[in-house]
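Have the model open in your viewer and keep the selection panel handy. We will go from one stop to the next, picking residues and helices as we go.

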Amino acid sequence: MLLWVIYDISDDKIRSKVSKTCLNYGLYRVQKSVFLGDVNSNALDELKIILEDTINLDIDSIYVFPMSKDELNKAGLIGQAFDKELVSDEIVSKFF
Amino acid sequence: MKSSQNSFNNFEGFNENEYYITPSEMLEFLYCKRYTYFMNYLGISQHEEKRYKVLKGRTIHEKKELENANYLRKKINVVDKKINVSMVSKNYGIKGIADEVLTLSNGTMASLDYKFAEYNDIIYKTYKMQTIMYSLMIAETFNAEVTQGYILYCRGKNVLKEIEVNIKEINKLNKYLEEFKKVMSGHYPKSASNKLKCIDCCYKNICVK
């Protein structure tokens with residue numbers, strides 16, 4: 001499934017940890033605090049636990065949205081769009 | 001492979017060179033029999049210590065051990081409990097460490113196992129068989145009657161579930177123990193029928209379907 005991770009974190013160190021975790025789980029950076037990528041259900045579960053343990057639950061917030069590829073194609077993009085094919089691993093799968 | 005077996009050496013007749021099946025190994029075996037082949041027979045480590053959920057589960061176990069040391073679950077009529085109990089069953093060739101061994105008000109004993117998981121309306125076969133294994137070990141170690149075991153799902157709402165220990169389940173376990181031994185003697189088993197299990201498997205690169 002495709003997964004959006006969107007966060008609002010005030011502390012630089014924590015924010016950096018969260019972004020590194022997202023990248024480690026194969027997500028692509030769509031915007032500064034927006035990540036998107038293809039993950040399996042166990043990775044999603046694990047990622048949620050790590051993020052919960054990383055942030056300050058009283059002041060920080062992270063939205064984690066699973067989405068299907070069909071829904072991503074229906075999504076509206078205004079301005080500079082990211083590479084949808086790259087995010088949904090379609091380009092990668094053409095090579096391998 | 002689980003390394004430390006020292007705590008089991010106090011058991012009479014325990015032979016450390018003999019292979020004893022642990023509840024954790026049975027859990028992996030029931031998830032996919034190939035797991036046992038790769039991990040226990042071929043000795044290829046799954047490096048579970050690198051998985052965050054495994055580490056978190058271990059931390060929670062340690063925390064529960066300290067936090068709930070004197071807490072007796074009154075709802076299920078517990079009158080006494082032992083924590084982290086090493087047990088061996090010579091009859092079944094199994095050994096393991098139960099999170100808690102409870103003494104109930106009716107004189108029977110029961111195991112309680114903490115699971116870092118959410119309860120999703122179904123108790124999996126893997127958990128059931130683990131509980132049966134603990135029950136058999138309790139019965140043999142403490143010479144007590146065991147009619148049920150408990151599982152506590154730590155994630156979510158700390159749901160406590162009861163598992164009945166009956167002859168039907170024990171027979172099932174016996175069958176699985178035989179299959180386990182067969183795999184340990186070199187039999188290459190079929191992979192799990194549900195291919196969804198393979199998606200996140202650490203052996204998927206070497207497992208021939």
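Start by showing chain B and chain A together: the area buried between them is about 810 Å², and carbon and sulfur atoms give 47% of it. Buried area here is the accessible area (1.4 Å probe) that two parts lose on being put together, summed over both. Now select Tyr52(B), Lys53(B) and Asp200(B), the residues of chain B that lose the most area to chain A, together 63% of what that side buries.

A word on ground rules: this is a predicted model, where local features need pLDDT of at least 70, side-chain atom pairs count only at pLDDT 80 or more, and totals for chains, interfaces and linings use all residues. Residues are numbered from 1 along each chain as its sequence is written, chains are lettered from A and ligands numbered from 1 in the order in which they are written, and side-chain values use heavy atoms, with hydrogens and water left out.

Next, widen the selection to the whole contact (heavy atoms within 4.5 Å): eight residues come from chain B and seven from chain A. How many salt bridges cross this interface? There are four, a salt bridge being a side-chain nitrogen of Lys or Arg within 4 Å of a carboxyl oxygen of Asp or Glu. The side of chain B that touches chain A has three nonpolar, no polar and five charged residues; Ala, Val, Leu, Ile, Met, Phe, Trp, Tyr, Cys and Pro count as nonpolar, Asp, Glu, Lys and Arg as charged, and the others, Gly among them, as polar.

Zoom in on Lys53(B) again: its salt bridge partner is Asp45(A), with the closest N and O atoms 2.7 Å apart. This pair links helix α3 (residues 52-67) of chain B to helix α2 (residues 41-54) of chain A. (Helices are DSSP runs of H or I, at least four residues, numbered from the N terminus.) Then pick Arg51(B) and Glu46(A), whose side chains meet in another salt bridge at 3.7 Å, N to O.

Stay with α2(A) and add helix α1 (residues 12-24) of chain A: their axes, lines fitted to C-alpha atoms over the stretch in contact, come within 10 Å and cross at roughly 170°. The two helices are therefore roughly antiparallel, the term for angles over 145 degrees on a scale from 0 to 180 between N-to-C directions. Show Ile14(A), Lys17(A), Val18(A) and Thr21(A) of α1(A) against Leu47(A), Ile50(A), Leu51(A) and Thr54(A) of α2(A) to see the contact.

Definitions and conventions. Angles under 35 degrees count as roughly parallel, over 145 as roughly antiparallel, 65 to 115 as roughly perpendicular and the rest as oblique.
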